[in-house]
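Please look over the sequence and the structure shown below before reading the report.

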Amino acid sequence: IANAIALGQTMQFKYMGIGDGDGAAYEPNENQTELRREVYRAQVSSVTVSDANINQIRVSMMVPADVGGFF
């Protein structure tokens, strides 16, 4: 993301995933390339710049009410 901004390029966020950490909390790290036990994936519904900080973006997706059983 930082590289695209520095080069004046745009990015398109298509999908977002949710992972449940396989039932345990953990600290993600910069070398991590995937979620720990992904349980749901859907198309991104919106991408906006944060009102509080222009260096932050908010990426949202919808999770249907009949999907779940994970935290």
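The report that follows takes up a pocket and two residues with an uncommon backbone angle to consider.

## Basis of the model

The coordinates described here come from a predicted model, and every value in the sections below was computed from it.

## The largest pocket

The largest pocket encloses about 280 Å³ of space. Its lining is made up of 13 residues, and those lying nearest the centre of the pocket are Ile1, Ile5, Phe13, Val49 and Ile57. Among the elements of secondary structure, helix 1 (2–6) and strand 2 (38–49) each contribute at least two residues to this lining.

Sorted by class, the residues that line the largest pocket comprise nine that are nonpolar and four that are polar, while no charged residue takes part in the lining.

## Positive phi in the loop between strands 1 and 2

The loop that runs between strand 1 (15–19) and strand 2 contains aspartate 22, a residue that is not a glycine and yet has a positive phi of about 60°. Aspartate 22 has a relative accessible area of 53%, and because the cut-off for exposed is over 50%, aspartate 22 counts as exposed.

Arginine 37 also belongs to the loop between strand 1 and strand 2, and it has a positive phi of about 55° although it, too, is not a glycine. For arginine 37 the relative accessible area is 47%; since partly exposed covers the range between under 20% and over 50%, arginine 37 is classed as partly exposed.

Terms used. Residues are numbered from 1 along each chain as its sequence is written. This is a predicted model: local features need pLDDT of at least 70, side-chain atom pairs count only at pLDDT 80 or more; totals for chains, interfaces and linings use all residues. Side-chain values use heavy atoms; hydrogens and water are left out. On a 1 Å grid over the protein atoms alone, a cavity is a set of points where a 1.4 Å probe fits but cannot get out, and a pocket is an open set with protein on both sides within 12 Å along at least five of seven lines; lining residues have an atom within 4 Å of a point. Grid points are joined across faces, edges and corners, and a volume is the space filled by probe spheres set on the points. Helices (H or I, at least four residues) and strands (E, at least two) are DSSP runs, numbered from the N terminus. Ala, Val, Leu, Ile, Met, Phe, Trp, Tyr, Cys and Pro count as nonpolar, Asp, Glu, Lys and Arg as charged, and the others, Gly among them, as polar. Buried means under 20% relative accessible area, exposed over 50%, partly exposed in between (1.4 Å probe, protein chains only).
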